[in-house]
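Biologist: I am new to this structure and would like to learn how to read its features one at a time. Could you take me through them, giving the general idea before each case?

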Amino acid sequence: MAAATSWNTSTMNSQGHAKPMEDHEKVNILMVDDQPAKLLSYEVILEDLGENLIKAASANEALEHLLKKDIAIVLTDVSMPDIDGFDLAEMIRQHPRFQKTAIIFISGVHLTDVDRVKGYRQGAVDYITVPVIPELLRAKVSVFAELHRKRRQLELLNQQLEHRVSERTRELKQRADLLDLATEAIMVRDADGIIRFWNSGAEELYGWPRDEVLGRHVNDVIAIKPHNSHEDLHPDLFSFGRWEGNLIHSTRDGREIVVASRQALKSKGDGGIGAILEINRDITATLQTEEALRRAERLAAMGRVAGIIAHEINNPLEAIINAFYLLRDHPTLDDEARRYAQLGEEELLRVAHIVRQTLGFYRESQHPVDISIPEILDNVLELQSRHFQLSRIEVEKLYETEARLFGFPMDLKQVFLNLITNAVQAMPGGGRLRLRVRDHVDPLTQVRGVYVYIGDTGSGIDAQHAKQLFEPFFSTKAAKGTGLGLWISKGIVQKYEGSIQFRSVRLAGGSATCFRVFLPAQFSAKTAKGRAVA
Amino acid sequence: MRDEKPIILCVDDEEIPLSLRKSVLEKLGYSVVTANSGAEALKLLEKHRVDLVLTDMLMPGLSGAELAREIKQRMPRIPIILFSGVNEIPEDAGYADFFLSKVEGPARMSAKISEVLSQSGYLTGPADSAA
């Protein structure tokens, strides 16, 4: 207990700290002297410090102890046989492990010796002259012991700190890896809108590699709708600290995508904006699928309704048509009554025609039949004639061939109806619709067939839309279009082993667009059979 | 044979449309027998000579498509036209030779019937007055 008390006292004395140390680890003090009596007297003097005292009768013995133990202080006699105190000190100092070991020389005062002591100034070195004053020796040893203890603690703390730093670095690295694993686009921009972080999800979604966006303003990288700039969201972001919603972003190649966006404001310590964190998930495909499903459901429901209505209307309609047919030539009727019956029948056939065209197409036959393309085109034109009048569209026809081929009239009617409807819708302010049919032999395959050209002087096709034109759900007509017309048309034409292509040119006075459909005169029997089963 | 009128079996569960159709077909130059159901049609076919069957699609009991299958299994050479108010060709219509909308009008109906008759080779040609 006495040792502990003196230890606390020494702490106060040397460091001025009132708080006692928690760590009571004893330090090793190595005493070196060739005279056992002196070692004994040092032991008596230093006993009260409560440290471990180790005795060595020679420099060699001292070195052995040094190698085995962590020695805080070496207390050495200067004059010893063989290796004296200074030589020992020099050997100790040469070893990197002992460079911090404190050395106290005990010696009679010689000027030369004091000079030599000064040579060790870098390390913790001191000396005591003989006769040894116990209080002085105790005080000096105590200071060095305390220094050693503090240094050990610092080293320990440092180690712990380094360990924590490396752990934290590893965590951060893992977190960064995690951010890169995320399929969401994750980005951080600073108060000025400069992009500071950009994960691989963002690289993938927007098509911008990290090193090309870091340091750039977010508005220069991502165009945003329905807002004009990313800052438009700031009022909300600043009021609530968070923002969530769907946005339309543009990718590097100009594609517009819908993202579900979550943004959070990270404040600086002083209350200013530190950064804006943003996580965006691409929901374009999901929305398209949902929309397609909704459309399909709507179409299916419409189809069911159309079927029921068609059935309920067609049955009595047939009876009435037949009744008028029988009536119009009835011998008891005079000419006037007969004319009325005839008009009635004609009008009924018109109703029947409309019902047939609007309440779903039907295929008359299971097998492909001999059909004429000009006939089908005229049929479609007749359907659209009202639109031509309303939109002031002139129709120009150039049928250079009868273009007979084996096929399903309703399929082809749908193809040409789609193309002609598109052309009409592209000319809301009027224009010219050109239809041309001519024979064609493919120069490569020698396949005979017909080219059908459908041209308009409408709004033209943007180059950026060209690639997507035949993709399902692609539409420039927003709510008006299903986005399926050209896709279906292409599918039908391909089943006929034909092709569908288009050209659109911008001229000074407007633009001209032309779709060209190639249909082989005979498509293979296998396909025909496949179609019949379908 | 040539002067003989082709005999058409008209099948429909609705009485008025059936009788009007019968009159129209007779005026077009065909002989017509009628049946109100698929079952009745099958019975009739056993007794009468019939050159073509013109049947409604949606009927209680056998549907038009089912009737077509039954007939083709017994008398594969008789041509059958499915005659429907629905604008969609049914999936099981494979046994019939043609599918025809009810509202095409008498002229087109007649043209189809003579086309099917001549294609089937069951009869040498349509009736003279059918045009």
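Modeller: Let us begin with the core, bearing in mind that this is a predicted model. In soluble globular proteins, nonpolar side chains tend to be buried together. Here the largest nonpolar core holds 45 residues, and those touching the most other members are B:L9, B:L52, B:I81 and B:L82. The largest share of this core, five residues, is nevertheless supplied by helix α11 (residues 284–328) of chain A.

Biologist: Which residues does B:I81 touch, leaving aside those up to four places away in sequence?

Modeller: With those set aside, B:I81 touches B:L52, B:L54, B:A96, B:D97, B:F98, B:L100, B:K112, B:I113 and B:V116. There is also a second, separate core of 36 residues, and among its members are A:I29, A:Y42, A:Y127 and A:A145.

Biologist: How should I read a helix such as α6 of chain A, and which of its residues are buried?

Modeller: One may set the span of a helix beside the span expected for its number of residues. Helix α6 (residues 134–181) of chain A has 48 residues and reaches 69 Å from its first C-alpha to its last, which is close to the 70 Å expected at 1.5 Å a residue. The buried residues in α6(A) are A:V141, A:S142, A:F144, A:A145, A:E146, A:H148 and A:R149, and A:A145 is also included in the second core.

Biologist: At what angle do helices α14 and α16 of chain A pack?

Modeller: For a pair of helices, one reads the angle, the distance between axes and the residues that meet. Helix α14 (residues 409–425) and helix α16 (residues 485–495) of chain A pack at about 145°, their axes being 9 Å apart, and their crossing is left-handed. From α14(A), A:D411, A:Q414, A:V415, A:N418, A:L419 and A:N422 meet A:G485, A:L486, A:I488, A:S489, A:I492 and A:V493 of α16(A). Sorted by class, this contact has six nonpolar, five polar and one charged residues.

Biologist: Are A:D82 and A:Q446 buried or exposed?

Modeller: Both are worth reading together with their backbone angles. Most residues other than glycine have a negative phi. A:D82, although not a glycine, has a positive phi of about 65°, and its place is in the loop between β3 (71–77) and α4 (85–94) of chain A. A:D82 counts as exposed because it has 10 C-beta neighbours inside 10 Å, where the cut-off for exposed is 12 or fewer. A:Q446 likewise has a positive phi of about 65° without being a glycine, and lies in the loop between β15 (431–441) and β16 (448–456) of chain A. Because A:Q446 has 7 C-beta neighbours inside 10 Å, it too counts as exposed.

How values were computed. Residues are numbered from 1 along each chain as its sequence is written. Chains are lettered from A and ligands numbered from 1 in the order in which they are written. This is a predicted model: local features need pLDDT of at least 70, side-chain atom pairs count only at pLDDT 80 or more; totals for chains, interfaces and linings use all residues. A nonpolar core is a set of buried Ala, Val, Leu, Ile, Met, Phe, Trp, Tyr and Cys residues joined through C-beta atoms within 7 Å. A residue is buried if 20 or more other C-beta atoms lie within 10 Å of its own, exposed if 12 or fewer, and partly exposed in between; C-beta atoms are placed from the backbone. Helices (H or I, at least four residues) and strands (E, at least two) are DSSP runs, numbered from the N terminus. Two residues are in contact if their C-beta atoms, placed from the backbone, lie within 7 Å. The expected span of a helix is 1.5 Å times one less than its number of residues. Axes are lines fitted to C-alpha atoms, for helices over the stretch in contact, and angles run from 0 to 180 degrees between N-to-C directions. A crossing is left-handed if the near helix is turned anticlockwise from the far one by less than a right angle, and right-handed if clockwise. Ala, Val, Leu, Ile, Met, Phe, Trp, Tyr, Cys and Pro count as nonpolar, Asp, Glu, Lys and Arg as charged, and the others, Gly among them, as polar.
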